[in-house]
Amino acid sequence: QVQAVESGGGSVQAGGSLRLSCVASGRAFNHYKMGWFRQAPGKEREFVAAIRWSGTSTYYADSMKGRFTISRDNAKNTVYLLMNSLKPEDTAVYYCNADGSDYGLSSYWGQGTQVTVSS
(Lines give C-alpha, C1' and ligand atoms only; values in the text may rest on other atoms or scores of the structure.)
Protein backbone atom coordinates (compact mmCIF):
# COMPACT_ATOMS: atom_id res chain seq x y z
CA GLN A 1 0.00 0.00 0.00
CA VAL A 2 1.10 3.56 -0.71
CA GLN A 3 0.19 6.69 1.18
CA ALA A 4 0.34 10.04 -0.58
CA VAL A 5 0.22 13.36 1.24
CA GLU A 6 -0.08 16.63 -0.67
CA SER A 7 0.90 20.10 0.44
CA GLY A 8 1.57 23.50 -1.05
CA GLY A 9 -1.88 24.62 -2.06
CA GLY A 10 -3.15 28.09 -1.34
CA SER A 11 -4.50 31.28 -2.83
CA VAL A 12 -2.72 33.22 -5.53
CA GLN A 13 -3.55 35.93 -8.02
CA ALA A 14 -3.80 35.22 -11.71
CA GLY A 15 -0.37 35.04 -13.31
CA GLY A 16 1.21 33.79 -10.12
CA SER A 17 2.87 30.50 -9.30
CA LEU A 18 2.54 27.68 -6.79
CA ARG A 19 4.47 24.50 -6.20
CA LEU A 20 2.62 21.47 -4.91
CA SER A 21 4.39 18.59 -3.19
CA CYS A 22 3.36 14.99 -2.72
CA VAL A 23 5.25 12.77 -0.33
CA ALA A 24 4.74 9.06 -0.97
CA SER A 25 5.38 6.34 1.55
CA GLY A 26 4.90 2.60 1.55
CA ARG A 27 6.31 -0.46 -0.09
CA ALA A 28 7.61 -0.69 -3.65
CA PHE A 29 6.87 2.94 -4.40
CA ASN A 30 9.26 2.73 -7.31
CA HIS A 31 6.62 0.59 -9.06
CA TYR A 32 4.18 3.49 -9.12
CA LYS A 33 3.69 6.16 -11.69
CA MET A 34 2.96 9.35 -9.78
CA GLY A 35 0.50 11.88 -11.07
CA TRP A 36 -1.57 14.93 -10.32
CA PHE A 37 -5.26 15.30 -10.98
CA ARG A 38 -7.62 18.13 -10.16
CA GLN A 39 -11.30 18.60 -9.56
CA ALA A 40 -13.10 21.91 -9.79
CA PRO A 41 -16.52 22.46 -8.20
CA GLY A 42 -19.23 20.81 -10.25
CA LYS A 43 -16.76 19.16 -12.60
CA GLU A 44 -15.25 15.72 -12.95
CA ARG A 45 -11.73 14.97 -11.81
CA GLU A 46 -9.27 15.51 -14.64
CA PHE A 47 -5.71 14.50 -15.37
CA VAL A 48 -3.02 17.14 -14.98
CA ALA A 49 0.40 15.50 -15.23
CA ALA A 50 2.28 12.29 -14.43
CA ILE A 51 5.82 11.03 -14.08
CA ARG A 52 7.37 7.59 -13.77
CA TRP A 53 9.55 6.88 -10.74
CA SER A 54 12.02 4.75 -12.70
CA GLY A 55 12.62 7.16 -15.56
CA THR A 56 12.27 10.64 -16.84
CA SER A 57 9.06 10.14 -18.79
CA THR A 58 6.52 12.84 -18.10
CA TYR A 59 2.99 13.33 -19.34
CA TYR A 60 0.79 16.43 -19.38
CA ALA A 61 -2.75 17.37 -20.23
CA ASP A 62 -2.71 19.61 -23.26
CA SER A 63 -4.03 22.64 -21.38
CA MET A 64 -1.18 22.44 -18.84
CA LYS A 65 1.72 22.02 -21.25
CA GLY A 66 4.13 24.92 -21.01
CA ARG A 67 2.68 26.19 -17.74
CA PHE A 68 2.98 23.21 -15.38
CA THR A 69 6.07 21.11 -14.70
CA ILE A 70 6.09 17.79 -12.87
CA SER A 71 9.29 16.53 -11.29
CA ARG A 72 10.37 14.14 -8.61
CA ASP A 73 13.05 13.67 -5.99
CA ASN A 74 13.39 9.95 -5.45
CA ALA A 75 15.64 10.41 -2.45
CA LYS A 76 12.79 12.23 -0.73
CA ASN A 77 9.99 10.11 -2.19
CA THR A 78 8.45 13.37 -3.32
CA VAL A 79 6.75 14.51 -6.48
CA TYR A 80 6.32 18.17 -7.29
CA LEU A 81 4.01 20.13 -9.51
CA LEU A 82 5.23 23.61 -10.36
CA MET A 83 2.38 25.71 -11.68
CA ASN A 84 3.17 28.97 -13.46
CA SER A 85 0.98 31.56 -15.14
CA LEU A 86 -1.97 30.42 -13.10
CA LYS A 87 -5.46 31.26 -14.31
CA PRO A 88 -8.76 31.47 -12.42
CA GLU A 89 -9.84 28.32 -14.25
CA ASP A 90 -6.99 26.46 -12.56
CA THR A 91 -8.91 26.77 -9.29
CA ALA A 92 -9.56 23.25 -8.02
CA VAL A 93 -8.63 20.67 -5.46
CA TYR A 94 -5.43 19.02 -6.65
CA TYR A 95 -4.93 15.34 -5.88
CA CYS A 96 -1.80 13.25 -5.93
CA ASN A 97 -2.16 9.78 -7.40
CA ALA A 98 0.05 6.72 -7.16
CA ASP A 99 -0.75 4.41 -10.06
CA GLY A 100 0.62 0.89 -9.84
CA SER A 101 -1.31 -0.56 -12.78
CA ASP A 102 1.83 -1.19 -14.82
CA TYR A 103 2.79 -3.77 -12.19
CA GLY A 104 -0.68 -5.05 -11.41
CA LEU A 105 -0.88 -2.95 -8.30
CA SER A 106 -3.62 -0.67 -7.05
CA SER A 107 -4.05 3.06 -7.38
CA TYR A 108 -3.96 5.34 -4.35
CA TRP A 109 -5.05 8.93 -3.81
CA GLY A 110 -4.01 11.67 -1.47
CA GLN A 111 -6.49 13.80 0.41
CA GLY A 112 -6.13 16.76 -1.94
CA THR A 113 -4.94 20.33 -1.57
CA GLN A 114 -6.95 23.40 -2.54
CA VAL A 115 -5.62 25.84 -5.12
CA THR A 116 -7.53 29.09 -5.58
CA VAL A 117 -6.59 31.57 -8.30
CA SER A 118 -8.23 34.98 -8.17
CA SER A 119 -8.51 37.40 -11.08
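This passage walks through the fold of a single protein chain, starting with the whole and moving on to its parts. The model is predicted.

The protein chain is built from strands alone, with 0 helices and 11 strands. Read from the N terminus, the order of elements is β-β-β-β-β-β-β-β-β-β-β. The radius of gyration is 14 Å, close to the 14 Å that the globule rule gives for 119 residues, so the chain is as compact as a globular protein of that length. Along the principal axes, the C-alpha atoms occupy a box of roughly 40 × 25 × 25 Å. Of the 119 residues, 40% count as buried. The accessible surface comes to about 6,200 Å², and carbon and sulfur atoms account for 47% of this area. Contacts that reach across the sequence are well represented: among contacts with a separation of 6 or more, 52% link residues 24 or more positions apart.

A good place to begin a closer look is the open sheet. Here 4 strands lie in the order 1-3-8-7, with antiparallel pairing. Strand 1 (2-7) and strand 7 (68-73) take the edge positions, and each has a single partner strand, so one side of each is left without a neighbour in the sheet. From one strand to the next, the twist averages 20 degrees. Within this sheet, strand 3 (residues 18-26) is joined to strand 8 (residues 78-83) by 6 bridges in the antiparallel sense. One position to find in the viewer is Cys22, which stands opposite Val79 in strand 8.

Strand 9 (92-99) offers a second set of pairings. It is joined to strand 4 (33-39) by 7 bridges, and the two run antiparallel. In this pairing, Lys33 has Asp99 of strand 9 as its bridge partner. Strand 9 also pairs with strand 11 (113-118), again in the antiparallel sense, over 3 bridges. Ala92 stands opposite Val115 in strand 11. A further 3 bridges connect strand 9 with strand 10 (residues 107-109), also antiparallel. There, Asp99 faces Ser107 of strand 10, so Asp99 takes part in bridges to Lys33 as well as to Ser107. Strand 9 is mostly covered, with 7 of its 8 residues buried.

What lies inside the fold? The largest nonpolar core has 29 residues, and those touching the most other members are Met34, Trp36, Val48, Phe68, Leu81, Met83 and Tyr94. Many strands contribute to this core: strands 1, 3, 4, 5, 7, 8, 9 and 11 each supply at least two of its residues. Met83 shows how a core residue can gather parts of the chain around itself. Leaving aside neighbours within four places in sequence, Met83 is in contact with Gly16, Ser17, Leu18, Leu20, Arg67, Phe68, Tyr94 and Val115. Two of these partners, Phe68 and Tyr94, also appear in the list of core residues that touch the most other members.

The loops hold some details of their own. Asn77 is found in the loop between strand 7 and strand 8. Although Asn77 is not a glycine, its phi is positive, at about 50 degrees. Asn77 has a relative accessibility of 18% and counts as buried, because the cut-off for buried is under 20%. Ser85 belongs to the loop between strand 8 and strand 9, and it is another residue other than glycine with a positive phi, near 50 degrees. At 41% relative accessibility, Ser85 counts as partly exposed.

A last stop is Gly8, in the loop between strand 1 and strand 2 (10-13). Its relative accessibility is 35%, and Gly8 therefore counts as partly exposed. Gly8 and Ser21 are 13 residues apart in sequence, while their C-alpha atoms are 6.0 Å apart in space. Not counting residues up to four places away in sequence, Gly8 touches Leu18, Arg19, Leu20 and Thr113. Leu18 and Leu20 are also among the contacts of Met83.

Methods. Residues numbered from 1 in each chain as written. Predicted model: local features only at pLDDT ≥ 70, side-chain atom pairs only at ≥ 80, totals over all residues. Heavy atoms only, no water. Axes fitted to C-alpha atoms, helices over the stretch in contact; angles between N-to-C directions. Core = buried A, V, L, I, M, F, W, Y, C linked by side-chain atoms within 4.5 Å. Buried < 20%, exposed > 50% of the residue type's maximum accessible area, 1.4 Å probe, protein only. Contact = heavy atoms within 4.5 Å. Rg over C-alpha atoms; globule rule 2.2 N^0.38 Å. Areas by Shrake-Rupley, 256 points an atom, 1.4 Å probe, with all protein chains shown as cover.
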